[in-house]
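Welcome! Have a look at the sequence and the model below, and then let us walk through them together.

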Amino acid sequence: MHFFVVKKRALYFVGVLALLVIIGSFWMTFKSDATPAISQQKETIREIHLVTGEFKSSTEDGKEIEAYRWDPGTIFVEKGEKVRLKIVGVNGKEHPFIIEGTDLKGIVKKGEETIIPLQFDKEGTYRLICMIHTNAENSGPMIAYIVVD
């Protein structure tokens with residue numbers, strides 16, 4: 001009959017070695033600034049969806065009133081974040097627009113999707129303004145707010 005003898009010293013050594021491997025694994029997994037040597041992650045671009053909307057009503061004397069809006073009326077983005085703004089024209093034939101404080105402009109047409117790439121380098125509030133519906137006399141103001149933090 002053969003016996004295998006293990007000394008306490010060897011057991012302690014194996015136990016300490018296993019504990020170090022486990023601690024090292026957890027440290028590498030949860031270390032916040034760890035960067036993998038090979039990254040398969042693509043740059044993410046957040047998509048934000050808006051639509052054009054119209055509200056109609058009648059006053060007590062029978063006069064029909066309407067107002068156009070961007071929906072949602074306020075969006076929030078981070079400074080430097082890459083965003084793809086997708087606007088679908090639902091109500092109104094077309095809405096030529098500008099984004100105040102930028103060189104961005106375009107037209108949202110009924111039944112079509114307009115895509116606007118955005119990336120703001122400065123914090124602040126930028127207004128998305130329809131150039132047709134600028135005030136109450138023109139069924140507006142049709143303004144959305146882009147808040148950059």
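## Surface and charge

How much area does the protein chain expose, and what share of it do carbon and sulfur atoms supply? In this predicted model, the exposed area comes to about 11,400 Å², and carbon and sulfur atoms supply 57% of that. Of the 149 residues, 24% count as buried.

The charged side chains number 19 positive and 20 negative. If you take the centre of each set, the two points lie 14 Å apart.

## Overall shape and fold

The protein chain has a radius of gyration of 29 Å, whereas a compact globule of 149 residues would have one near 15 Å. The extents of the C-alpha trace tell you more about the shape: along the principal axes it spans about 110 × 35 × 25 Å.

As for secondary structure, there are one helix and nine strands. Their order along the sequence is α-β-β-β-β-β-β-β-β-β, so you meet the helix ahead of the strands when reading from the N terminus. Among contacts with a separation of 6 or more, 59% are between residues 24 or more positions apart.

## The helix and its distance from S3

Helix H1 covers residues 8-30, and tyrosine 12 is part of it. Is tyrosine 12 buried or exposed? Its relative accessibility is 57%, so tyrosine 12 counts as exposed, the cut-off being over 50%.

For a sense of scale, try picking tyrosine 12 and threonine 74 in your viewer. They are 62 residues apart along the chain, and their C-alpha atoms are separated by 62 Å.

## The nonpolar core

The largest nonpolar core holds 22 residues, and the members that touch the most others are Leu50, Trp70, Ile99 and Ile146. The elements giving two or more residues to this core are strands S1 (46-58), S2, S3, S4 (83-88), S5 (94-99), S7 (113-118), S8 and S9. As a general point, nonpolar side chains tend to be buried together in soluble globular proteins.

Leucine 50 is a good place to start exploring. Beyond its neighbours within four places in sequence, leucine 50 is in contact with ten-odd positions you can click through, including Trp70, Pro72, Ile75, Leu85, Ile87, Val88, Leu128 and Ala144.Valine 77, in strand S3, is another. Its relative accessible area is 3%, so valine 77 is buried, the limit being under 20%. Although 69 residues separate valine 77 from isoleucine 146 in sequence, their C-alpha atoms are 7.3 Å apart in space. Outside the neighbours within four places, valine 77 is in contact with residues including Arg46, Ile48, Val83, Phe120, Ile146 and Val148.

## Backbone details in the loops

Two prolines deserve a look. The peptide bond from aspartate 71 to proline 72 is cis, with omega near 0°, and proline 72 sits in the loop between strand S2 (64-71) and strand S3 (74-77). Glycine 140 and proline 141 are also joined by a cis peptide bond, with omega about 0°. Proline 141 belongs to the loop between strand S8 (124-130) and strand S9 (143-148).

Which sign does phi of serine 139 have? The value is positive, near 60°, in a residue other than glycine. Serine 139 lies in the loop between S8 and S9, and with 13% relative accessibility it counts as buried. For context, most residues other than glycine have a negative phi, and most peptide bonds are trans.

Definitions and conventions
Residues are numbered from 1 along each chain as its sequence is written. This is a predicted model: local features need pLDDT of at least 70, side-chain atom pairs count only at pLDDT 80 or more; totals for chains, interfaces and linings use all residues. Side-chain values use heavy atoms; hydrogens and water are left out. Helices (H or I, at least four residues) and strands (E, at least two) are DSSP runs, numbered from the N terminus. The radius of gyration is taken over C-alpha atoms; the globule rule is 2.2 Å times the number of residues to the power 0.38. Buried means under 20% relative accessible area, exposed over 50%, partly exposed in between (1.4 Å probe, protein chains only). Contact means heavy atoms within 4.5 Å. Accessible areas come from the Shrake-Rupley method with a 1.4 Å probe; for residues, only the protein chains shown count as cover. Lys and Arg count as positive and Asp and Glu as negative; His and the chain ends are not counted. The place of a charge is taken as NZ of Lys, CZ of Arg, CG of Asp or CD of Glu. A nonpolar core is a set of buried Ala, Val, Leu, Ile, Met, Phe, Trp, Tyr and Cys residues joined through side-chain atoms within 4.5 Å.
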